[in-house]
Amino acid sequence: MSREVKKIPELFGSCVFNERTMRKYVKEKYFQEWKKCLSDGKPLTLEVADGIAEGMKQWALENGATHFTHWFQPLTGITAEKHDSFISPSDNGRIIMEFSGKELIQGEPDASSFPTGGLRATFEARGYTAWDPTSYAFIKDNVLCIPTAFCSYGGEALDKKTPLLRSMEALNRQGLRVLRLFGNNDVTAVKTTVGPEQEYFLIDKSVYEKRKDVMYTGRTLFGAQPPKGQELDDHYYGTIKPRVAAFMEELDEELWKLGVLAKTEHNEVAPAQHELAPIYTTTNIAADHNQITMELMQKLARKYDMVCLLHEKPFAGVNGSGKHNNWSMTTDTGLNLLEPGETPYENAQFLLMLCAVLQAVDDYQDMLRISVASAANDHRLGAAEAPPAIISVFLGEELEGIVDSIVNDTGYTEKSKSTLRIGVDVLPPIPRDTTDRNRTSPVAFTGNKFEFRMPGSSQSIAGPTTVLNTIIADSLCVFADELEKASDFTSALHELIKRTFKEHGRILFGGNGYDESWVAEAEKRGLKNLKNSSTALPEYMLPKNIELLTKYGVYTESEIIARNEIHMEHYCKVIAIEGETLVDMVQHGILNAVSEYTAALSETLIKKRKALPEVPCRVESALIGTLSSLNESLLDKMVSLKSALETAPSVGSAELMKYYHDEVFLKMEDMRAVIDKLETLTATEYWPYPSYYDMLFSV
């Protein structure tokens, strides 16, 4: 399949029921009512819904769809869908194709088997899906997919979309309050935008099917390092291999059909690692599109006899995979609120938005860390271009210089002798993007947006972005409360910006986040270092965090408690599955393989001693001794791990997480060290599993 540039504009969005398509298939009065409902934030009437549903059905049938589904994002972190056909019985044993406004607006999937964190009992099965009219319906695999929110019978949010939409509305309300103070009365909406860069690995399907650990857990639980990894930096931006290029080409085309703005593709740093980056778009649509992207990556890879790995750290010793959230705020008039303006007044507005981010990140370091916490991401954070667990903000030298000059009331440059004030002509032009990037920074300013580098490659961006939206909405609310009461706006603004930079300056850090000195420095500054998920997740229930999330209606308290339980339970289950898998692979593969190889060596040793009694046979003797000793050690460690898994205590989730980290996970790491040594000493034909070399260089 070859790309034809002239066809791409035609191809783009061809499987999406977007505004252009709606104008063709939906009566004008219904289309205008839909637009008005979106702008006013009001629900559709049943008449309008019926009118849209009729047009949507006609379009879907013409494009080969036979079924429809409410496509939603439960708390599993992936998407869910239940397919219903359009057929309905008619007279004389015939059928008609039906799809009503009621079916468009609301569905009723079984909610009993999705994670609920105790919100619903198993026997309380009913749940509802509700159409999100801000995200376009699309056709995938001959099914009309309608993006929806998902809630319980009692109305509690059981998905990731609903809180995200709530957080967007919270930031919209507070953002408008602040903009009104600057005289921006033509702005009617403040939206957040995200462009999530997606990293992933591609390995050969035949190799994947021989590794139970990768199949069951998404990562290798052991594996000796090959002689060559990413040391030469020759894979990064290198020539893309033909099979991968073909996959990328088809992936682009399928994404373009679905309206996903796939823009950049390249080889990443680690062997077999790649990246796809889209153009930014409105947050909830970006979240939907990223879920589609991950699904298509995994589906299409199989077509090319490859498997797409989205785990954050599938291979030790090389870079892991993240999902860098390029986050910003824009208005419906086209203004990017994180882009320095052309005038001092615009710059003052930018500086206040900058203050909002710094205050939010500093006040809610724990919430940002929690938003990316998972057993998988714990392996990635802190090395190989992934930021550390300590939250900080990177602005670059020039912006930090401006911050310092405001805090200290000094001139910004050597030429400037006047003090730096806000909202007057002496405020110098603010640089847009004249500084280097810092890959060790969790939150880095990159010209007109912040890049939140901590999210893991497999997770939904909805969770981290919900937190970003909410904590910054809180800062904007605090600012608006203060400035709305001020008698002299300009003076109050200057003092507010100066005070905020001064009080939250500890969160600014432009150095190497991997350096041990930063750990000590961060502790001195009073910054949190939540090293792993078992220490991070319990902080979700701190009173200040519950107050924040409930104040802006992003979650109810019961929804917070439920999510806390789900996150902690998931952490324990992941490590339990990994532990069980490791026991299985050692017990049924490695122990026997090493014994067989040792037996073969022993047989060779006996024969050599008979044939050549004067030869010391040091190679065989040394190998037999070392392998036997290591295999005995592995057996003991496996028995210890198995016992730890079988005797996991029945305690609260926080205590259980600590147990799985301190007992199960650390025992697994201890076993891995022995297994990796055994792999380097065992002949290839005896080793039962594909090596790192086989996996990383198989495509």
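In this predicted model, the side chains of Arg-369 and Asp-378 meet in a salt bridge, with a nitrogen-to-oxygen distance of 3.4 Å. Arg-369 counts as buried, because its relative accessibility is 1%, and buried here means under 20%. Elsewhere, Asp-366, Lys-528, Glu-539 and Lys-544 are joined into one network by salt bridges that share partners. The structure as a whole holds 38 salt bridges, and two further pairs can be followed in some detail.

One of these pairs is Lys-303 with Glu-250, whose side chains meet in a salt bridge at 2.7 Å from N to O. Lys-303 lies in helix α10 and Glu-250 in helix α9, which spans residues 242-257, so the pair ties together parts that are 53 residues apart in sequence. The two partners can also be described by their accessibility: Lys-303 counts as exposed because its relative accessibility is 54%, whereas Glu-250 is buried because its relative accessible area is 6%. The other pair is Arg-211 with Asp-213, where the side chains form a salt bridge of 2.7 Å, again taken from N to O. Arg-211 is buried, and Asp-213 is buried as well.

From Asp-213 the reader can turn to helix α8, which covers residues 212-217 and contains Met-215. Met-215 is partly exposed, because its relative accessible area is 37%, a value that falls between the limits of 20% and 50%. Together with Tyr-216 and Ile-577, Met-215 forms a nonpolar patch on the surface, and the accessible area of these three residues together is about 310 Å².

Returning to helix α10, which runs over residues 283-303, the loop between this helix and strand β13 (306-309) holds Asp-305. The phi of Asp-305 is near 55°, a positive value in a residue that is not glycine. That is worth noting because most residues other than glycine have a negative phi. With a relative accessible area of 47%, Asp-305 is partly exposed. Asn-142 likewise has a positive phi, of about 60°, although it is not a glycine. Asn-142 sits in the loop between strand β7 (138-140) and strand β8 (143-152), and, because its relative accessible area is 43%, Asn-142 is partly exposed.

The packing of helices can be followed through α14, made of residues 397-408, and α16, made of residues 489-503: their axes come within 9 Å and cross at roughly 115°. Angles of 65 to 115 degrees count as roughly perpendicular, and α14 and α16 are therefore roughly perpendicular to each other. The crossing in which α14 passes α16 is left-handed.

A last stop is strand β10, residues 262-267, in which Thr-264 has its place. Thr-264 counts as partly exposed because its relative accessibility is 36%. Computed along the chain, Thr-264 and Met-668 are 404 residues apart, and their C-alpha atoms are separated by 38 Å.

Conventions: Residues numbered from 1 in each chain as written. Predicted model: local features only at pLDDT ≥ 70, side-chain atom pairs only at ≥ 80, totals over all residues. Heavy atoms only, no water. Helix = DSSP H or I, 4+ residues; strand = E, 2+ residues; numbered from the N terminus. Buried < 20%, exposed > 50% of the residue type's maximum accessible area, 1.4 Å probe, protein only. Patch = residues over 30% accessible without salt bridge, like charges linked within 9 Å, V, L, I, M, F, W, Y side chains within 5 Å. Areas by Shrake-Rupley, 256 points an atom, 1.4 Å probe, with all protein chains shown as cover. Salt bridge = Lys/Arg side-chain N within 4 Å of Asp/Glu carboxyl O. Axes fitted to C-alpha atoms, helices over the stretch in contact; angles between N-to-C directions. Parallel < 35°, antiparallel > 145°, perpendicular 65-115°, else oblique. Left-handed = near helix turned anticlockwise from the far one by under 90°.
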